Amino acid sequence: VGLEHPLADGGRRLGASSSGSTEFCVGMHLEQNIEACGEYASGVIATSIFAVAVSSAVISAVFLIMGQFRLLKYASYVPTCVMEAFMACVGYKVFKYAIYFCKY
């Protein structure tokens with residue numbers, strides 16, 4: 001159809017190299033598109049708040065159902081070291097990509 005992916009020109013992707021020089025809503029791009037960048041930022045904030053609210057509601061419903069049906073006794077079959085390693089790995093990856101995507 002002739003449509004191109006917006007990041008096809010080497011933009012930043014999860015796990016991609018950071019050698020690209022694509023800048024979005026910073027510097028000259030921000031000065032030239034101040035209104036569009038403001039709308040984009042408000043959309044990102046609204047989407048993030050909605051995602052956090054929905055995921056918190058789903059997790060609370062899962063824990064409520066597990067408590068009501070007494071399913072928490074099965075969690076004791078998973079060794080503690082396995083759960084700790086899994087949580088440490090998730091925390092490490094979240095921290096790594098948070099630092100990677102911010103320009104700090």
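How much accessible surface does the protein chain have, and what share of that surface belongs to carbon and sulfur atoms? The accessible surface of the protein chain comes to about 9100 Å², and 69% of that surface belongs to carbon and sulfur atoms. The structure shown above is a predicted model, and the values in the following paragraphs were computed from it. Of the 104 residues in the protein chain, buried residues make up 3%, a figure to keep in mind as individual residues are introduced below.

A good place to begin is the overall order of the elements. The protein chain holds three helices and zero strands, and when the chain is followed from the N terminus on, its elements run α-α-α. The helix α2 has 35 residues, and from its first C-alpha to its last it reaches 51 Å, which is close to the 51 Å expected at 1.5 Å a residue.

With the helices in place, we can turn to the cysteines. The structure holds one disulfide, and this disulfide joins C25 to C37, with a distance of 2.2 Å from S to S. The pair links distant parts of the chain, since C25 belongs to the segment before α1 (27–32) whereas C37 sits in helix α2, twelve residues apart. About the S-S bond the angle is -95°, and the link of C25 and C37 is left-handed.

Are the two cysteines of this link, C25 and C37, buried or exposed? C25 has a relative accessible area of 18%, so it is buried, because the cut-off for a buried residue is under 20%. C37 is buried as well, with a relative accessible area of 7%. Two further cysteines can be set beside them: C81 is exposed, with a relative accessible area of 51%, while C89 counts as partly exposed at 37% relative accessibility.

V26 also lies in the segment before α1, and with a relative accessible area of 35% this residue is partly exposed. V26 and C37 are eleven residues apart in sequence, and from C-alpha to C-alpha they are 9.0 Å apart in space.

Following the chain beyond helix α2 brings us to the loop between α2 and α3, where R70 is found. Just after α2, R70 takes a positive phi of about 55°, and R70 is a residue other than glycine. The side of the question that concerns accessibility is also settled for R70, which counts as exposed at 65% relative accessibility.

The loop between α2 (34–68) and α3 (80–101) also contains Y74, and this tyrosine takes part in a surface feature. Which residues form the nonpolar patch on the surface? The patch is formed by I65, F69, L71, Y74 and Y77, which together have about 600 Å² of accessible area. Within this group, Y74 is partly exposed, with a relative accessible area of 47%, whereas Y77 counts as exposed at 66% relative accessibility. Both values fit the rule for patches, because a patch is made of residues with over 30% relative accessible area.

The tyrosines of the patch lead on to the aromatic rings. A pair of aromatic rings is described by the distance of the centres and the angle of the planes. A search of the whole structure finds two aromatic pairs. In one of them, Y74 and Y77 form a pair that is tilted, with 6.3 Å from centre to centre and 35° between the planes. In the other, the rings of Y97 and Y100 have their centres 6.3 Å apart and their planes at 90°, so this pair is edge-to-face.

Where in the chain do Y97 and Y100 lie? These two tyrosines belong to helix α3, and because they are three residues apart there, about one helical turn separates them. An α-helix has 3.6 residues a turn, so residues three or four places apart point the same way. Y97 is partly exposed, with a relative accessible area of 28%, and Y100 is also partly exposed, with a relative accessible area of 25%.

Technical notes. Residues are numbered from 1 along each chain as its sequence is written. This is a predicted model: local features need pLDDT of at least 70, side-chain atom pairs count only at pLDDT 80 or more; totals for chains, interfaces and linings use all residues. Side-chain values use heavy atoms; hydrogens and water are left out. Patches are made of residues with over 30% relative accessible area and no salt bridge: like charges are joined within 9 Å, nonpolar side chains (Val, Leu, Ile, Met, Phe, Trp, Tyr) within 5 Å. Accessible areas come from the Shrake-Rupley method with a 1.4 Å probe; for residues, only the protein chains shown count as cover. A salt bridge is a side-chain nitrogen of Lys or Arg within 4 Å of a carboxyl oxygen of Asp or Glu. Helices (H or I, at least four residues) and strands (E, at least two) are DSSP runs, numbered from the N terminus. Buried means under 20% relative accessible area, exposed over 50%, partly exposed in between (1.4 Å probe, protein chains only). A disulfide is a pair of cysteine sulfur atoms within 2.5 Å. Rings of Phe, Tyr and Trp (its six-membered ring) pair if their centres lie within 6.5 Å; planes under 30 degrees apart count as stacked, over 60 as edge-to-face and the rest as tilted. The expected span of a helix is 1.5 Å times one less than its number of residues.
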